[in-house]
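Open the model in a viewer and keep the selection tool at hand. The stops below say what to select next and what is there.

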Amino acid sequence: MIPIWEDMCDATVILKAIELGEPGAAEKLLDLVYEELRRIAASKMAREAQGQTLQPTALVHEAWLRLVASKNPKFENRAHFFSAAAEAMRRILIDIARRKHTRRHGGGSEWTDLEGKDLAAPESDEQLLAVHEETAKALDISVVTVKNYWTFARTWISLEIKNL
């Protein structure tokens, strides 16, 4: 059986194929829209503050992962897809700016991925919350205090490792 998007260049048709779970449709869409996504990313990056280390290509890839990470994502049409892509890029840039701001004020660490997930933390937020709660009970302090201690400890360890 030949996929419905085989010889099509219409993004809307390919988006429907992705929604239906057709194999290879996402790759076909990326080939079709990559340059436009890169132009959107470059435009957004041009408005960012000096010193931004993220490149437009990396921003496109991060946004793409966010857009197609869910199983069979749904987009009404080409315009809806590009709107969602632009919004994903905006959110990524906001997340990066927040992390930079947090680091400047003593929080966070360099041990995060582009989505802000702490690479040294437990797999899920629930696990981390459970650890914070158990620690708070054991030390008879608040969960907020435990979180503050944890942030301080991670930052201190990161700085000590850098100074080795």
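Select Phe152, Trp156, Ile157, Ile161 and Leu164: together they make a nonpolar surface patch of about 630 Å². The model is a predicted one. Within the patch, pick out Trp156. Tryptophan 156 sits in helix H6, which covers residues 143-162. With a relative accessible area of 49%, tryptophan 156 is partly exposed.

Next, colour the chain by secondary structure. Six helices and zero strands appear, so that the order of elements from the N terminus reads α-α-α-α-α-α. The protein chain has 164 residues, 30% of them buried. Turn on the surface: the accessible area is about 11000 Å², and carbon and sulfur atoms account for 56% of that. Of the contacts between residues at least 6 apart in sequence, 47% join residues at least 24 apart.

Now hide the surface and go to the interior. The largest nonpolar core has 29 residues; select Leu29, Val33, Leu37, Leu54, Leu59, Phe81 and Met89, the members that touch the most others. Helices H1 (11-19), H2 (25-46), H3 (56-68) and H4 (78-104) are the elements that each give two or more residues to this core. H4 supplies the largest share, nine residues. In soluble globular proteins, nonpolar side chains tend to be buried together.

Centre on methionine 89. Apart from neighbours within four places in sequence, methionine 89 contacts Leu37, Ile40, Ala41, Lys44, Leu59, Val60 and Ala63.

One of those contacts is the next stop: Lys44. Lysine 44 belongs to helix H2. Which side chain of opposite charge is nearest to lysine 44? That side chain is glutamate 87, 6.9 Å away; lysine 44 is buried and has no salt bridge. A salt bridge requires nitrogen and oxygen within 4 Å, so a separation of that kind does not qualify. Beyond four places in sequence, the contacts of lysine 44 are Ala86, Met89, Arg90 and Leu93.

Stay in this region and select Glu87, Arg90 and Arg91, which are linked in a network of salt bridges. The bridge between arginine 90 and glutamate 87 has an N to O distance of 2.8 Å. These two residues are three apart in helix H4, so about one helical turn separates them. Glutamate 87 also bridges to arginine 91, with the closest N and O atoms 3.0 Å apart. Here the spacing within helix H4 is four residues, about one turn of the helix. Each member of the network is partly exposed: glutamate 87 at 27% relative accessible area, arginine 90 at 38% and arginine 91 at 47%.

How many salt bridges does a search of the whole structure find? The search finds five. For another of them, select aspartate 95 and arginine 66, whose side chains meet at 3.2 Å, N to O. This pair links distant parts of the chain, with aspartate 95 in helix H4 and arginine 66 in helix H3, 29 residues apart. Aspartate 95 is partly exposed at 22% relative accessible area, and arginine 66 is partly exposed at 27%.

For the last stop, move to the loop between helix H5 (125-139) and H6 and select aspartate 140. Although aspartate 140 is not a glycine, its phi is positive, about 55 degrees. Is aspartate 140 buried or exposed? Aspartate 140 has a relative accessible area of 71% and therefore counts as exposed.

Notes:
Residues numbered from 1 in each chain as written. Predicted model: local features only at pLDDT ≥ 70, side-chain atom pairs only at ≥ 80, totals over all residues. Heavy atoms only, no water. Patch = residues over 30% accessible without salt bridge, like charges linked within 9 Å, V, L, I, M, F, W, Y side chains within 5 Å. Areas by Shrake-Rupley, 256 points an atom, 1.4 Å probe, with all protein chains shown as cover. Buried < 20%, exposed > 50% of the residue type's maximum accessible area, 1.4 Å probe, protein only. Contact = heavy atoms within 4.5 Å. Core = buried A, V, L, I, M, F, W, Y, C linked by side-chain atoms within 4.5 Å. Lys, Arg positive; Asp, Glu negative; His and termini not counted.
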